Amino acid sequence: MSRKLLSFFLFSILLVLIIAQKRTDEQNLFAVPQDSTHLVQGKTHVMALQKVLVGQLVNAIREKGSAGAVDFCQLQAIPLTDSISEWEGVRISRVTDRPRNPDHLGDSYELAFMDKLKNNKQNGKSITPELRKRKGQIIAYFPIVTHTLCMQCHGNSETQISTKTLETIQKHYPDDMATGYSENEVRGLWKVIMRMEE
Ligand code: HEC
């Protein structure tokens with residue numbers, strides 16, 4: 001892959017992360033009821049994760065140049081060395097109904113929740129986070145919504161994604177289902193798994 005393409009990848013991902021962070025701060029995207037300790041806790045984790053990701057990207061650009069840029073789309077490929085490893089018993093991932101990475105396909109509960117969110121969005125209703133309790137765990141879900149910057153990798157594959165980008169995506173993700181989105185669509189969920197105290 002050419003250096004130019006790699007730089008493009010790194011740059012776009014950095015922008016996406018910075019803008020996502022800004023949007024989160026600005027709109028208070030995950031408006032969470034203050035009386036729900038676990039939602040507040042989950043939201044804090046997601047926001048901190050986004051901050052760490054931006055920091056690590058900036059470092060990587062400085063240290064390694066453009067090498068390995070595509071891997072930065074992959075959360076699990078990023079060593080979360082600072083604050084996040086200190087969150088004992090917390091795991092964060094992303095799930096969706098139309099995965100690029102097949103590991104991110106949601107379970108039946110998550111797919112049903114995605115359906116509900118999409119319906120709400122279509123009918124002009126607000127979309128809100130949700131808590132799910134499982135044995136020994138509490139899981140907080142926060143909607144991930146698309147905007148302009150996501151389109152170059154998740155938009156219309158003929159008009160919005162460049163041929164080079166599309167080829168790279170298809171090479172890494174032969175079963176990709178994550179194109180064809182418009183702006184302001186529910187793309188997936190942040191999933192924050194927390195251990196229950198009792
Ligand atoms: C530079 C290309 C690029 C851009 C821009 C981009 N993504 Fe992605 N996205 C990817 C790749 C590649 C993956 C697969 C990552 C992996 O394997 O873990 C992915 C995965 C995801 C996932 C996880 C679920 C899945 O399908 O695997 C979500 C959610 C997601 N992207 C949302 C977004 C949103 C929202 C934006 C805009 C704010 C965005 N992406 C912008 C390339 C991109």
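This report covers the fold, confidence, strand pairing, core and helix α3 of one protein model.

**Overview and confidence**

The model is predicted. The protein holds 5 helices and 4 strands. Read from the N terminus, the order of elements is α-α-β-α-β-β-α-α-β. Of its 198 residues, 22% count as buried. Contacts between residues at least 6 apart in sequence are weighted to long range: 73% of them join residues at least 24 apart.

Mean pLDDT for the protein is 77, and 63% of the residues score at least 70. Among the elements, helix α1 (residues 3–27) has the lowest mean pLDDT, 61, while α3 has the highest, 96. Two stretches fall below 50. Over residues 24–29 the pLDDT is below 50, and this stretch has 4 contacts in the model beyond near neighbours in sequence. Over residues 65–70 the pLDDT is also below 50, with 10 such contacts. Where pLDDT is low, the predicted coordinates should not be read in detail.

**Strand pairing**

Strand β3 pairs with β2 and with β4. The table lists both pairs.

| Strand pair | Residue ranges | Sense | Bridges |
|---|---|---|---|
| β2 and β3 | 130–134 and 137–145 | antiparallel | 5 bridges |
| β3 and β4 | 137–145 and 186–195 | antiparallel | 9 bridges |

β2 and β3 form a hairpin with 2 residues between them. In the turn, Gly136 has a positive phi of about 70°. Single positions fix the register. Arg132 has Ile139 of β3 as its bridge partner. Lys133 stands opposite Ile138 in β3. On the other pairing, the bridge partner of Pro143 is Leu189 in β4.

**The nonpolar core**

The largest nonpolar core has 15 residues. Met114, Ala140, Tyr141, Phe142, Leu189, Trp190 and Val192 touch the most other members. Five elements each supply at least two residues of this core: α2 (37–64), β1 (90–95), α3 (108–122), β3 and β4. The largest share, 5 residues, comes from β4. In soluble globular proteins, nonpolar side chains tend to be buried together.

Two of these core residues show how the parts meet. Ala140 lies in strand β3. Why does Ala140 count as buried? Ala140 has 27 C-beta neighbours inside 10 Å, and the cut-off for buried is 20 or more. Leaving aside neighbours within four places in sequence, the contacts of Ala140 are His38, Leu39, Gly42, Pro129, Leu131 and Val192. One of these, Pro129, is 11 residues from Ala140 in sequence; their C-alpha atoms are 7.1 Å apart.

Leu189 also has a broad list of partners. Not counting residues up to four places away in sequence, Leu189 touches Arg94, Val95, Glu110, Met114, Tyr141, Phe142, Pro143 and Ile144. Pro143 is thus both a contact and the bridge partner of Leu189.

**Helix α3**

α3 has 15 residues. At 1.5 Å a residue it should span 21 Å; its end C-alpha atoms are 21 Å apart, so the two values agree. Its buried residues are Glu110, Phe113, Met114 and Leu117. Seen down the axis of α3, these buried residues fall within an arc of 105°, so they line one face of the helix. Which elements do the buried residues of α3 pack against? Their partners are β1, β2, β3 and β4. On the other side of α3, Ser108, Ala112, Asp115, Asn119 and Gln122 are exposed. Just after α3, Gly124 takes a positive phi of about 75°.

**A positive phi outside glycine**

Most residues other than glycine have a negative phi. Asn184 departs from this: its phi is positive, near 60°. Where is Asn184 placed? Asn184 lies in the loop between α5 (163–172) and β4. Is Asn184 buried or exposed? Asn184 counts as exposed because it has 11 C-beta neighbours inside 10 Å, and the cut-off for exposed is 12 or fewer.

Definitions and conventions: Residues numbered from 1 in each chain as written. Predicted model: local features only at pLDDT ≥ 70, side-chain atom pairs only at ≥ 80, totals over all residues. Contact = placed C-beta atoms within 7 Å. Pairing = 2+ DSSP bridges. Core = buried A, V, L, I, M, F, W, Y, C linked by C-beta atoms within 7 Å. pLDDT = per-residue confidence, 0-100. Expected span 1.5 Å × (residues − 1). Arc of directions from axis to C-beta.
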